Every structure is written in structure tokens, then in C-alpha cells.
Amino acid sequence: MQVDWLIVGAGFTGAVLAERIASQLKQKVLIVEQRDHIGGNAYDYHDEQGVLVHQYGPHIFHTNAKHVWDYLAQFTQWRSYYHHVLGVVDGKSVPIPFNLNSLYSLFPPQYAAKLEQALLSEYGFNVKVPILKIRESAPSEDLKFLADYIYRNVFHSYTLKQWNLTPEELAPSVTARVPIYISRDDRYFQDTYQGLPKNGYTPLFRNMLNHPNIKVLLNTTLSDIEGEIQYKRMIYTGAIDDFFQHIHGELPYRSLHFNFIHTPVEQYQAVGTVNYPNEYHYTRITEFKHLTGQRSFGTSYVEEYPQVYVRGKNIPYYPIPKDEYRLLYKEYEAEAQKLAGKVLFAGRLADYQYYNMDQAIARALSLFDKVICQA
Ligand code: FAD
Ligand code: UDP
């Protein structure tokens with residue numbers, strides 16, 4: 001078989017690039033995907049009881065990038081959805097990201113009001129402050145107490161469970177994803193555009209890849225087809241250290257085990273996700289019907305158990321944001337640059353970046369416009 005482009009991986013990065021190349025450049029693309037489905041980690045399907053679930057954990061689309069939202073809107077309608085998360089702290093369920101409402105859920109009203117006033121005078125209203133920043137800058141005894149309280153009860157144990165590292169051992173950007181929000185806004189994200197594909201992510205991917213210039217081979221790895229397919233250029237969206245056979249050593253990743261449960265009740269929990277920073281071995285439980293709006297008698301939810309990543313045994317879900325690993329990645333990036341005329345690398349695993357879906361899509365669109373179209 002002869003194609004213009006070989007794309008490794010049918011997640012958002014691979015699918016966007018295949019769609020652009022096929023529709024805009026009219027060139028032929030072959031995608032190889034090692035799993036038995038398209039969609040990468042955004043893949044969803046109906047479980048045995050008919051409930052639409054996300055096989056690799058909850059995926060909520062959110063972005064401030066209008067061009068990304070408009071791009072996807074060619075392939076799906078949107079269901080408007082604002083994600084709400086509660087965290088169980090001292091036995092109470094409090095809004096996460098921690099905000100002014102969380103204060104009143106946890107503390108006696110007069111003390112909550114005092115802490116609210118202290119936050120407002122120090123930082124102002126509608127401001128997001130990362131926990132590590134509040135901790136190092138808190139000027140008064142009240143704010144010091146509050147910062148330590150939130151750190152201990154919301155961040156420390158959750159982060160240890162999720163990463164097996166403390167917040168200080170990771171890049172500050174990790175805990176800054178969920179900053180303290182001095183506001184009454186209980187939504188998990190504040191992006192301008194938020195929602196889920198109306199019929200699910202998998203139909204969205206099917207629509208993107210439904211083009212006569214695109215062929216997809218499932219259950220196929222890059223090494224399965226090497227030497228058998230003739231291609232002019234390759235785009236690789238898998239783990240970059242795998243591609244180079246770990247010549248500089250293995251990049252670390254964090255994995256997860258997902259435990260799916262179906263129960264014959266209408267609703268299992270009050271909101272889409274409940275975080276358990278301190279109790280249990282799982283970090284959070286997500287009930288899918290909140291996200292998808294599906295109506296059915298029973299309900300399905302998933303518990304997420306963080307795991308050590310072992311190559312060949314489980315899936316590398318998260319690159320680990322930490323300076324020393326970034327340096328190791330740079331050695332692979334230098335290898336990648338030597339191949340730039342023939343192979344392009346992009347995606348959460350190939351760039352070793354903690355991308356959300358919109359960032360992976362923006363990266364793919366920009367690679368197409370700035371590199372592929374200019375070649
Ligand atoms: P992937 O989706 O990982 O796709 C890469 C594909 O390449 C995979 O299908 C893999 O099987 C394939 N592949 C790799 N190597 C090979 C090989 N050698 N041969 C053949 N195939 C190969 N983002 C959000 O915006 N909102 C969320 O709510 C959200 N929730 C998330 C929850 C979890 C638990 C996780 C893990 C991620 C979440 N994300 C979320 C992030 C989102 O999953 C990623 O941004 C997105 O999937 C990145 O797309 P990608 O194509 O770069 O990578
Ligand atoms: N985090 C935390 N407690 C929470 C929520 C998040 O400590 O209740 C920290 C934790 O380190 C987590 C990071 O913030 O890994 C980012 O959280 P996010 O919900 O963005 O993670 P993801 O959805 O990518 O797993």
C-alpha cells in the first residue's frame with residue numbers, strides 16, 4: 001500500500017491531522033491505531049445496560065479557543081454542560097475548586113464570613129489563586145490557617161494518591177489547574193465554551209474520519225506495518241520514548257485503573273464528579289448521566305485508582321510534569337528534530353505535555369497550518 005501520510009494513533013491529535021490533510025490538501029492518509037477503536041482516550045461507548053460511558057475516564061470539553069470549538073462543530077452538535085465537582089472534606093461535600101461557597105459549607109457562618117473578608121481584601125473578587133501561591137504569601141493568621149487547611153484537606157493527599165508525589169514535587173502548574181477561586185461560581189471550569197458532543201465522542205471521531213482519503217487500520221501498531229506500507233511522511237502521536245526505543249531511558253508516566261459500576265437507581269450522586277482527597281484508594285467518582293444528560297432508569301459510574309505505570313502492562317495516561325522529566329523529554333525532542341523532514345511528533349504523549357483535549361486539537365491545527373501547509 002502506498003499513501004502520502006502515515007499517522008500513528010487515532011486520538012484527537014491523529015484524527016484532526018488526518019482530517020485536515022485529507023480534506024484540505026487532498027492527500028491520502030493511513031491511520032494505524034493499536035487499540036480496537038478510534039478516539040484515543042476520549043473514546044466512549046454504550047455499556048451493557050445501554051448507558052453512555054467514557055472508557056478512559058470522564059472527558060468534559062472546555063476551551064476559550066473559538067477556532068477549536070468552531071472546528072469541532074463541523075463534526076458534532078454540542079450538548080451544553082457545566083461540570084460541577086464536590087470534594088468530601090471532613091465528611092462534608094464542598095464545591096471544588098475551593099471557593100467562597102466552600103468556606104460556608106465547612107466553617108461556622110461568622111468564621112466563614114471573616115475568612116471571606118480576608119480573602120477579598122488580600123486578593124480581590126473573581127480572582128484565581130493557586131494553593132501553593134496562597135500558602136507562600138498568606139499575610140495574616142486567618143489566611144495562613146485557611147491556606148494550610150485547604151492544602152491539607154483538598155490537595156496534599158489527593159496529589160499523593162494521583163501522582164505519588166506531593167504538590168511541591170510537581171510543576172506548580174499541576175495544582176494551579178484547580179486554583180482557589182475567590183468567587184461564588186461553583187463550576188469546575190470557567191471557559192467560554194463548554195459541553196459534550198451531543199451524540200458522544202466516538203460519533204464525532206467517525207464524522208471526522210469519514211473521508212475517502214482516510215483509511216484506518218485498528219489493532220495495528222507502528223511496528224506491525226513498518227516495511228509493508230510506503231509513505232512519504234509520518235505523524236507519530238504515541239509516547240516519544242517508545243518511538244526511539246528508550247535510548248535515553250524511559251520517560252515516566254502515571255497510569256490509572258478504572259472500576260466501572262452499574263447500579264439500578266436513577267441517580268448515584270448529586271453532581272458529575274465527587275472527589276475523595278482523603279478517603280479511599282480512588283481519587284474520584286464520576287457518574288456519566290450528569291455529563292451526557294442521558295435518561296435511563298439505572299446509572300453507571302467509574303472510580304479512578306491511580307497506578308504506577310509499567311511499560312507493556314498498563315496505559316501511560318499522564319506525562320508527569322516535573323523539571324527533571326522535562327529535561328529527559330528534551331533529549332528525545334532533539335532526536336525528533338533530526339527526523340523533522342520525515343516524521344512529525346505531536347500529542348499528549350509525543351510532546352510529553354499535560355494537554356487537555358482543546359490543547360491537543362489546537363496543537364494539531366497549528367502544526368497543520370504552520371508546518372505541514374508550508375512544506
Ligand atoms: P491519545 O488520546 O492518547 O491518543 C493517542 C493514540 O495513539 C491512542 O489511541 C494510542 O492507542 C495510539 N498509539 C500510541 N502508540 C501507538 C503505536 N505505536 N501504534 C499504534 N497506535 C499507537 N481533556 C479534557 O479536555 N477534558 C477532560 O475532562 C479530560 N479528562 C481526562 C481524563 C483522563 C483520565 C485522562 C487520562 C485524560 C483526560 N483528558 C481530558 C485529556 C485528553 O484525554 C487528551 O488531551 C487527549 O486524549 C489527547 O489526545 P492525543 O491524540 O494526543 O492522545
Ligand atoms: N487536585 C487536588 N485535589 C482536588 C482536585 C485536584 O489535589 O480535589 C490536584 C491534583 O494534583 C490533580 C491536579 O490538581 O492531579 C489537577 O486536577 P484535575 O482535576 O485537573 O486533573 P485531571 O482531570 O487531569 O486528572
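**Exercise 1. Ligand 1 and its polar partners**

Find how far an oxygen atom of ligand 1 is from an N or O atom in the side chain of threonine 13.

*Solution.* Note that the model is predicted. In it, an oxygen atom of ligand 1 sits 2.7 Å from a side-chain N or O atom of threonine 13. The cut-off for a polar contact is 3.5 Å. Next, take histidine 59: an N or O atom of its side chain is 2.7 Å from an oxygen atom of ligand 1. Then turn to the backbone. A polar backbone atom of asparagine 356 lies 3.4 Å from a ligand 1 oxygen.

**Exercise 2. The surroundings of ligand 1**

State how many residues surround ligand 1 and what share of its area the protein buries.

*Solution.* Count the neighbours: 30 residues surround the ligand. The closest are Thr13, Glu33, His59, Ile60 and Met357. Now the area. Ligand 1 alone exposes 1000 Å². The protein buries 93% of that.

**Exercise 3. The domain interface**

Describe the contact between domain 1 and domain 2.

*Solution.* Start with the bounds. Domain 1 comprises 2-76 + 198-252 + 319-372, and domain 2 spans 98-182. Their C-alpha centres are 35 Å apart. Six residues of domain 1 and seven residues of domain 2 make the contact.

Next, the area. The two domains bury about 610 Å² between them, with 60% of it on carbon and sulfur atoms. On the domain 1 side, Pro321, Lys322 and Tyr354 supply 70% of the buried area, more than any other three residues.

Finally, the chemistry. There are zero salt bridges across the interface. Four residue pairs are in polar contact. The domain 1 side has four nonpolar residues, one polar and one charged.

Note on methods. Residues numbered from 1 in each chain as written. Chains lettered and ligands numbered in written order. Predicted model: local features only at pLDDT ≥ 70, side-chain atom pairs only at ≥ 80, totals over all residues. Heavy atoms only, no water. Domains from an automatic or database assignment. Contact = heavy atoms within 4.5 Å. Buried area = accessible area lost by both parts, 1.4 Å probe. Salt bridge = Lys/Arg side-chain N within 4 Å of Asp/Glu carboxyl O. Polar contact = N/O pair within 3.5 Å; in protein donor to acceptor, adjacent residues only side chain to side chain. Nonpolar A, V, L, I, M, F, W, Y, C, P; charged D, E, K, R; others polar. Near = heavy atom within 4 Å. Areas by Shrake-Rupley, 256 points an atom, 1.4 Å probe, with all protein chains shown as cover.
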